[in-house]
Amino acid sequence: MKIVNSFTKALPIEENTDKRSRQVRGVGCSIVYPLVFSSPKLIHLSKDVLQMIGWDNLDDKTLLSYISGQKVPRDFQPYAMCYGGHQFGYWAGQLGDGRAITIAEIIHQYRFFTVQLKGVGQTPYSRGADGFAVLRSSIREYLCSEAMHALGVPTTRALSLVLSGEKVVRDELYDGNPKEEWGAIVARVAPSFIRFGNFEIFSARRDIKNLKQLADYTIAKFYPEIQGNTKEGYLDFFEAVVKRTKTLIMEWQRIGFVHGVMNTDNMSVLGLTIDYGPYGWLEEYNLNWTPNITDAEGRRYSFGNQYSIILWNLTQFANALFPLIEDVEALKKILRQFKVQYQEEYQTMMLRKLGIENTQKGDFTLIEELKFNLENSKMDMTLFFRNLNKFDKNNSLLHLKYLADNSYLSNKDFIKQKEVWGKWIEKYALRIKDINETERIKIINSTNPKYILRNYMAQMAIKQTEKGDYSLIDTFYSLLKHPYEEQKEHEQWFAKRPKWADNEIGSTMLSCSS
Ligand code: AMP
Ligand code: MG
């Protein structure tokens, strides 16, 4: 394990350690030290990530001092990045790491990692906010990052969850009722946390020199297969980011994940899921659903909008790179390809969810009818797809009992859906007639997770932890390490959302307050 200073060597830095909010121009980041809390307490540690970055050899005291921000590894210059972004469709100007500080860059076993602490106080990018993070949002980021990784979805990782020991004031529902909550710190790890917004801010400020330097750094470090430094190279870079982003969204669609705040400052140039805020998992299949109450009216970032939003975000990214490429037609061509490929790959992905490997005529209709039925019958997405491993093509109508059980409609209301489902089931049985059952079940079980972090589960873990009991965090952490495996002792988590959670804040809807 070797500590390096990579980003601060590649781009100009701001040495002024004044933490007051301000516009910072002409640099990639500002040098900022984390705030030192007097009595931080470790809640949970991800051993996998610890090993991955080679910090499993540190003694407990040193490790805690790093992940709580008390000490920064020797020879490392900690920093907060400067970035901008489009928020909810509008250019928001400078944003930046308002409460995240990079405390190490590491090379371990030939791999490069950046370690960031979230919730360790103000930076020049805090825009007047306190730079802290509350326990509830930190638990959600910690558990979900690791769950996503286990699901095979590209994501930033979480190393640790620490109580800062200080209280933080938040008005969770923005309704004029602020209250004190526990502050927490998540240490997160990724090759890099560079976002579309890092490019956008330079471009918006016509700082072409730094735009180019950032592109050259990102390419050399994270896209080594690309020959940078030329217009063609930057175009290849754009195409590579488009490709990774496409994969990311496809994966979200596969598992029913809704990020909630797909602003361009929350789009990783490595195609990682980044900045877990008011995210959620689709329970009843509803394309219109978003967990983010701030977006309840426009539903810009709803499940069904993810594809068009990504296209919009990639267009902003193309605009940001334009000064380096200066070829509108070439950029447009890549976006057109994206549209075509996305539709094709979406089809393949949905078929795999049904346990089908190859496309046939009529599959498009099969999928469209299915989505229509899922939505109309308020079907639990995860339960529906996973339970297809119990589908008996010789007794297909028996499957209706699973459908009735997995729907959020009352039994009485579900009866009205029976006929259309009956038709679909027969179609499906016919479609899989010649597919080997073992093969079909294998595809289903590896494409459709059995266990996801349902919002109410995160909420349960939060409530327990706030009372000082950390056991559910550990239970969910272990459960979600193996989301595709049958875990008989955990069958209770393979179930619909319980009634009590139907309208509870945190279980079906969330605010951005964190
Ligand atoms: P988000 O919507 O969570 O991705 O945050 C948007 C911007 O607000 C980012 O630049 C964050 O760093 C910043 N931000 C959010 N909460 C805080 C906070 N409590 N203190 C400082 N900055 C924050
Ligand atoms: Mg963010």
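Here a biologist and a modeller talk through a predicted model.

Biologist: What makes Asn266 and Asp275 donors of the magnesium ion (ligand 2)?

Modeller: Distance. Donors are N, O and S atoms within 2.8 Å of the metal. Asn266 (through OD1) and Asp275 (through OD) lie 2.0 to 2.2 Å from the ion, so they count as its protein donors. Both residues are buried, too.

Biologist: Why is the pair between glycine 96 and ligand 1 called a polar contact?

Modeller: The cut-off is 3.5 Å between N or O atoms. A polar backbone atom of glycine 96 sits 2.6 Å from an oxygen atom of the ligand, so the pair qualifies.

Biologist: What about arginine 99 and phenylalanine 132?

Modeller: Each one pairs with a nitrogen atom of ligand 1: arginine 99 uses a polar side-chain atom at 3.4 Å, and phenylalanine 132 a polar backbone atom at 3.3 Å. Both values are within 3.5 Å, so these are polar contacts as well. As for cover, the protein hides 80% of the 490 Å² of accessible area that ligand 1 has on its own.

Biologist: Which residues are closest to ligand 1?

Modeller: Of the 17 that surround it, Gly96, Gly98, Arg127, Gly131 and Asn266 are the closest. Asn266 is also a donor of the magnesium ion.

Biologist: How do you know that the reach of helix 14 is close to what is expected?

Modeller: Its 14 residues (418-431) reach 20 Å from first C-alpha to last, and 20 Å is what you'd expect at 1.5 Å a residue. Its buried residues, Trp421 and Tyr428 among them, pack against helices including helix 10 (363-376) and helix 15 (437-447).

Conventions
Residues numbered from 1 in each chain as written. Chains lettered and ligands numbered in written order. Predicted model: local features only at pLDDT ≥ 70, side-chain atom pairs only at ≥ 80, totals over all residues. Heavy atoms only, no water. Donors = N, O, S within 2.8 Å, 3.2 Å for Na, K, Ca; no water. Buried < 20%, exposed > 50% of the residue type's maximum accessible area, 1.4 Å probe, protein only. Helix = DSSP H or I, 4+ residues; strand = E, 2+ residues; numbered from the N terminus. Expected span 1.5 Å × (residues − 1). Contact = heavy atoms within 4.5 Å. Near = heavy atom within 4 Å. Polar contact = N/O pair within 3.5 Å; in protein donor to acceptor, adjacent residues only side chain to side chain. Areas by Shrake-Rupley, 256 points an atom, 1.4 Å probe, with all protein chains shown as cover.
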